[in-house]
Amino acid sequence: MTATAPRPADAGDPSFTELVAARPHLALHAQDGLTMDEVPLAAIADAVGTPCFVYSAATIRRRYAALAGALERAGLDARIHYAVKANDHLAVLALIAREGGGADVVSVGELARAVEGGIPPARIVYSGVGKTEAELGEALARGVGQINVESAEELDMIAALAAAGGWRARVALRVNPDVDAGTHPKITTGLAENKFGIPYAEAGALYAHAARLPGIEPVGVAVHIGSQITAMAPFRAAYGRIAELVRGLRGAGLPVERVDCGGGLGITYRDEIAPAPEALAGVLERTLGGLGLRLIVEPGRWLVAPAGVLLASVVLVKAAAPRRFVVLDAGMNDLLRPALYDAWHGIVPLAAADAVAPVSPAEVVGPVCESADVFARARGLPVLAPGARVAILDAGAYGAVMSSTYNARPPAAQVMVEGTRWHVIRPRPPLAALWRDEIVPPFLTGGTGRG
Ligand code: LLP
């Protein structure tokens with residue numbers, strides 16, 4: 001690879017003021033600097049240290065209500081099943097449960113978490129491409145509301161378990177509509193080349209087969225084409241194909257009561273024009289609206305991503321002319337999205353003085369020993385002294401859940417803000433917690449144990 005000259009700060013990037021103005025729960029105050037709801041983020045960083053995720057409860061609630069309202073105003077019988085994978089913290093799940101939401105889970109771990117957070121099993125949809133027999137057995141025993149079947153092979157597994165346990169499994173067939181979601185290739189799921197779902201052409205025959213199986217009650221069809229989708233055309237195409245399938249199934253005398261429409265609604269990280277929930281509701285209404293169906297939507301990112309920030313401190317600024325490396329105490333182990341998907345996240349200083357100072361290009365990096373540990377390249381930032389703090393925006397989804405302890409870095413603390421109050425919802429564990437469950441075998445410690 002040839003070394004490239006540093007790029008100038010990208011003139012197309014939104015300014016700090018624009019980033020903050022687009023996020024109603026954030027504000028820049030002359031005294032307090034960057035605030036979330038009524039709380040100065042510097043106060044949280046002072047008390048809890050960095051790196052630290054901070055979530056706005058009101059923002060999740062407001063977004064939930066906005067989506068629910070849009071679906072209702074479109075005249076749809078739709079239920080929101082929050083995709084737990086986006087942020088599986090119990091406090092987030094408890095908040096969703098109190099709003100009346102259901103959950104979409106992809107493992108028994110997520111199933112148990114959702115129940116622990118207060119979401120009843122009947123309001124849980126179990127999705128996922130590789131559910132084990134043990135997991136399916138547990139889902140049936142707990143009485144989950146719906147299992148989304150990803151293959152003919154899985155349908156047989158569920159039928160056998162249901163017969164053995166005397167259960168009746170409500171299943172939806174997840175169909176792969178072969179529609180390009182137009183998003184990052186690593187988060188596209190609805191193309192024939194992706195591992196997800198039953199090929200569209202085979203869905204009708206498999207549905208009819210499912211209806212004949214004892215212990216199986218086919219309730220509908222599910223589709224999910226990808227994530228961070230910012231255009232409506234892929235949704236329109238996918239739901240149009242599903243509507244056609246539903247008509248075909250009903251024409252063959254098969255009962256179809258629900259369509260699970262998946263998640264995927266995108267947000268504005270940088271300057272993408274993200275669709276409002278009304279746009280999604282409109283597409284659902286036009287494609288599936290007239291069919292008397294119960295609809296399920298499974299948003300993850302849209303509900304929680306904008307509600308969260310990752311606070312980090314500047315460890316040092318390495319001048320490597322012509323580059324300037326701003327080294328943070330948060331790394332790719334805390335927020336993997338930039339390293340994994342080249343994702344763009346806003347980075348805003350916490351101090352008011354830093355937020356109004358002139359900017360010049362900086363490479364914003366973490367401390368992890370990987371060249372991919374880069375949060376931003378050629379990002380316009382002011383001169384930042386060691387100890388200065390920044391907020392990495394839109395880290396409420398696929399942040400903490402995808403973090404690791406690589407380089408023996410303990411998980412970041414997590415905080416939830418509610419109005420003027422804030423609570424630590426996960427303290428940063430002590431270092432010794434990292435190896436608490438590890439066992440050094442006796443043959444290394446002079447013991448006589450076997451193995
Ligand atoms: N339903 C199913 C079946 C899914 O596979 C997903 C996400 C969702 C719902 C929720 O999608 P959302 O509304 O959040 O777009 N780690 C990646 C995103 C992976 C999404 C995987 N499936 C990222 O950080 O961009």
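## Exercises on the ligand site and the cysteines

The shell around the ligand divides into six nonpolar, six polar and six charged residues. The model is predicted.

**Exercise 1.** Find which residues around the ligand come nearest.

*Solution.* Start with the residues around the ligand, 18 in number. From these, pick the ones that come nearest: Ser227, Glu298, Arg337, Tyr341 and Tyr398.

**Exercise 2.** List side-chain polar contacts to the ligand, with their distances.

*Solution.* The cut-off is 3.5 Å between N or O atoms. Take the ligand nitrogen atoms. One is 2.6 Å from a side-chain N or O atom of Glu298. For Tyr341, a polar side-chain atom lies 2.7 Å from a ligand nitrogen. Now take oxygen. A ligand oxygen is 3.5 Å from an N or O atom in the His224 side chain.

Then turn to area. Alone, the ligand exposes 590 Å². The protein buries 91% of that.

**Exercise 3.** Determine which pocket holds the ligand.

*Solution.* The ligand sits in the largest pocket.

**Exercise 4.** Count the disulfides, then classify Cys52 and Cys261 as buried or exposed.

*Solution.* Search the whole structure for cysteine sulfur pairs within 2.5 Å. The search finds zero disulfides. Next, apply the burial cut-off, under 20% relative accessible area. Cys52 has 0%, so Cys52 is buried. Cys261 is at 1% relative accessibility, so Cys261 also counts as buried.

Note on methods:
Residues numbered from 1 in each chain as written. Predicted model: local features only at pLDDT ≥ 70, side-chain atom pairs only at ≥ 80, totals over all residues. Heavy atoms only, no water. Buried < 20%, exposed > 50% of the residue type's maximum accessible area, 1.4 Å probe, protein only. Near = heavy atom within 4 Å. Polar contact = N/O pair within 3.5 Å; in protein donor to acceptor, adjacent residues only side chain to side chain. Areas by Shrake-Rupley, 256 points an atom, 1.4 Å probe, with all protein chains shown as cover. 1 Å grid on protein atoms, 1.4 Å probe; cavity = no way out; pocket = protein on both sides within 12 Å on 5 of 7 lines; lining within 4 Å. Sits in = over half its atoms within 2 Å of the grid points. Nonpolar A, V, L, I, M, F, W, Y, C, P; charged D, E, K, R; others polar.
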